[in-house]
Amino acid sequence: MSANDNLRWLDNLPVGWAQLYHDLLSDLAANGIAACVDEAKEKFGSLRIYLEPRVSEARPYIAAAEERSKVTCQKCGEPGELLMRNRIVATLCPAHGDGFSKPERPPVVTVYMKPGNISDE
C-alpha cells in the first residue's frame, strides 16, 4: 500500500480533523515510519488511528494526534472541547456546539470482552 492509499481514510474522518490526519502522516514519514493505516475514524469524540502492521515507533505520534483531536472541532478544525447531547459525544467549537453541553464527567464506555487469547502485541 502506498502513502497515498492512507489518504483514502480521510473520507471516514470529520472534515475538521483532516489537517490532524495529514500532520500525522507527515510526522510518520519524516521519522522514517512506513506503515499502512488499517482504520481511521472518530470514536467517542476523538480521533482513532490503527496501523497494520502495528509499529511501536508510531505510538507516540498517534497518541499525540488523538490528544490534539480532543481539543479540535471536528466540524471546522478550530479549537474545541468534548461535548455531549443525547449520548452523542463530539469535540466541537462554540460555533458548532449549539445544543451540546459539557459532560459532568467523562463519558462511560462499556467494553464487552469475549473469552480468548489476549496478547500484549
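In the predicted model, Gln74 is located in the loop that connects H2 with strand S3 (81-85). Despite this position in a loop, Gln74 counts as buried, because its relative accessibility of 12% falls under the 20% cut-off. Residues up to four places away in sequence being left out, the contacts of Gln74 comprise Pro14, Val15, Gly16, Trp17, Glu42, Gly45, Ala90, Thr91 and Leu92.

One of these partners, Leu92, belongs to strand S4. The relative accessible area of Leu92 is 3%, and this residue is likewise classed as buried. A separation of 18 residues in sequence lies between Leu92 and Gln74, whereas their C-alpha atoms are 6.0 Å apart in space. When neighbours within four places in sequence are set aside, Leu92 is in contact with Cys73, Gln74, Lys75, Gly80, Glu81, Leu83, Gly97 and Phe100.

The chain as a whole contains two helices and four strands, and these elements follow the order α-β-β-α-β-β from the N terminus on. Of its 121 residues, 31% count as buried. Among the contacts with a separation of 6 or more, 39% are accounted for by residues 24 or more positions apart.

Helix H1 spans residues 18-30 and has 13 residues. The distance from its first C-alpha to its last is 18 Å, close to the 18 Å expected at 1.5 Å a residue. Leu20, Tyr21, Leu24, Leu25 and Leu28 are the buried residues of this helix. Viewed down the axis of H1, the buried residues fall within an arc of 135°, and they therefore line one face of the helix. In general, an α-helix has 3.6 residues a turn, so residues three or four places apart point the same way. The exposed residues Gln19, Ala29 and Ala30 are found on the other side of H1. The cover over the buried residues of H1 includes strand S1 (36-43), strand S2 (46-52) and helix H2 (59-69). Just after H1, Gly32 adopts a positive phi of about 70°.

The second helix, H2, also has buried residues, namely Ile62, Ala65, Glu66 and Ser69. Down the axis of H2, these residues fall within an arc of 100°, so they line one face of the helix. Their packing partners are H1, S2 and strand S4 (88-92). Strand S4, which holds Leu92, is thus among the elements against which the buried residues of H2 pack.

Analysis of the open space in the model concerned the largest pocket, which holds about 300 Å³. The lining of this pocket consists of 14 residues, and those nearest its centre are Ile49, Tyr50, Leu51, Arg54 and Ile62. The elements that give two or more residues to this lining are S2 and H2. S2 provides the largest share, five residues. By residue class, the lining of the largest pocket divides into seven nonpolar and seven charged residues, with no polar residues. Ile62 is one of the residues nearest the centre of the pocket and is also one of the buried residues of H2. Strand S2 likewise recurs in the description, as part of the cover over the buried residues of H1 and as an element against which the buried residues of H2 pack.

How values were computed:
Residues numbered from 1 in each chain as written. Predicted model: local features only at pLDDT ≥ 70, side-chain atom pairs only at ≥ 80, totals over all residues. Heavy atoms only, no water. Expected span 1.5 Å × (residues − 1). Buried < 20%, exposed > 50% of the residue type's maximum accessible area, 1.4 Å probe, protein only. Arc of directions from axis to C-beta. Contact = heavy atoms within 4.5 Å. 1 Å grid on protein atoms, 1.4 Å probe; cavity = no way out; pocket = protein on both sides within 12 Å on 5 of 7 lines; lining within 4 Å. Points joined across faces, edges and corners; volume = space filled by probe spheres on them. Nonpolar A, V, L, I, M, F, W, Y, C, P; charged D, E, K, R; others polar.
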